[in-house]
Amino acid sequence: MSLSQKQPTSYFGLTIPFLDFIGVVPDFAENGKSRICLDLRPEHLNSFQVGHGGLSMTLLDFAMAAAARSAHPDAKGMVTIDMTVSFMRPSTGKLIIEGKLLKAGKNINYCEGEVINESGVITAKALGSFMMRR
């Protein structure tokens, strides 16, 4: 079955073609926390043969937004206002990305996220703020 014939993955109730394209596997999003996973493939790598920083940023962005959305049952989605990422070491192998809601507001939510490698070591950490879309 080709990618165009494959049923879209539900990302906690949303269809997000880009996440399907890169192979993100949703785990959970509930009570202000989320987890997604990704097995790095050759097309995810940079010239140093480790996970591309832009990929890590995409994963962190979604994990944090999913964590925020999980605490707001009436939210249609979250729009990223800002995001800061610190890259601590190269990302390799299977990655686990966790998001956590730090503070929920009426419209703005503050979150943190981590990319963790298969050895349990944090490779990147992010802080972000997200506006709720109703």
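The following exchange takes up how terms such as buried, stacked and edge strand apply to this predicted model.

User: What makes tyrosine 11 and phenylalanine 62 an aromatic pair that is edge-to-face?

Analyst: The search of the whole structure finds 2 aromatic pairs, and in this one the rings of tyrosine 11 and phenylalanine 62 lie 5.9 Å apart, centre to centre, with 85 degrees between the planes. Rings pair if their centres lie within 6.5 Å, and planes over 60 degrees apart count as edge-to-face, so both conditions are met. The pair links distant parts of the chain, since tyrosine 11 belongs to strand β1 (residues 10–11) and phenylalanine 62 to helix α2, 51 residues apart.

User: How do you know whether tyrosine 11 is buried or exposed?

Analyst: The term buried applies under 20% relative accessible area, and tyrosine 11 counts as buried because its relative accessibility is 0%. Phenylalanine 62, with a relative accessible area of 11%, is therefore buried by that cut-off.

User: Why is the pair of phenylalanine 12 and phenylalanine 62 called stacked?

Analyst: The centres of phenylalanine 12 and phenylalanine 62 are 6.0 Å apart and the planes stand at 5 degrees; planes under 30 degrees apart count as stacked, so the name follows. Here too distant parts of the chain are linked, with phenylalanine 12 in the loop between β1 and β2 (14–15) and phenylalanine 62 in helix α2, 50 residues apart. Together, Tyr11, Phe12 and Phe62 form one aromatic cluster.

User: Why is phenylalanine 12 called partly exposed?

Analyst: Its relative accessible area is 22%, and because buried means under 20% and exposed means over 50%, phenylalanine 12 falls in between.

User: What is known of the lining of the largest pocket, by class?

Analyst: The largest pocket has a volume of about 240 Å³, and its lining has 10 nonpolar, 4 polar and 3 charged residues. Among the 17 lining residues, Leu14, Ile16, Phe62, Ala65 and Met78 lie nearest the centre. The elements that give two or more residues to this lining are α2 (53–70) and β5 (77–87), and α2 gives the most, with 7 residues.

User: Why do β3 and β5 stand at the edges of the sheet?

Analyst: The 6 strands form an open sheet in the order β3-β4-β6-β7-β8-β5, with antiparallel pairing. β3 (25–30) and β5 each have a single partner strand, so one side of each is left without a neighbour in the sheet.

User: How do you know that β3 and strand β4 pair?

Analyst: Two strands pair if at least two bridges are found between them, and β3 and strand β4 (residues 33–39) have 5 bridges in the antiparallel sense, so the condition is met. Phenylalanine 28 stands opposite arginine 35 in β4.

Conventions: Residues numbered from 1 in each chain as written. Predicted model: local features only at pLDDT ≥ 70, side-chain atom pairs only at ≥ 80, totals over all residues. Heavy atoms only, no water. 1 Å grid on protein atoms, 1.4 Å probe; cavity = no way out; pocket = protein on both sides within 12 Å on 5 of 7 lines; lining within 4 Å. Points joined across faces, edges and corners; volume = space filled by probe spheres on them. Helix = DSSP H or I, 4+ residues; strand = E, 2+ residues; numbered from the N terminus. Nonpolar A, V, L, I, M, F, W, Y, C, P; charged D, E, K, R; others polar. Buried < 20%, exposed > 50% of the residue type's maximum accessible area, 1.4 Å probe, protein only.
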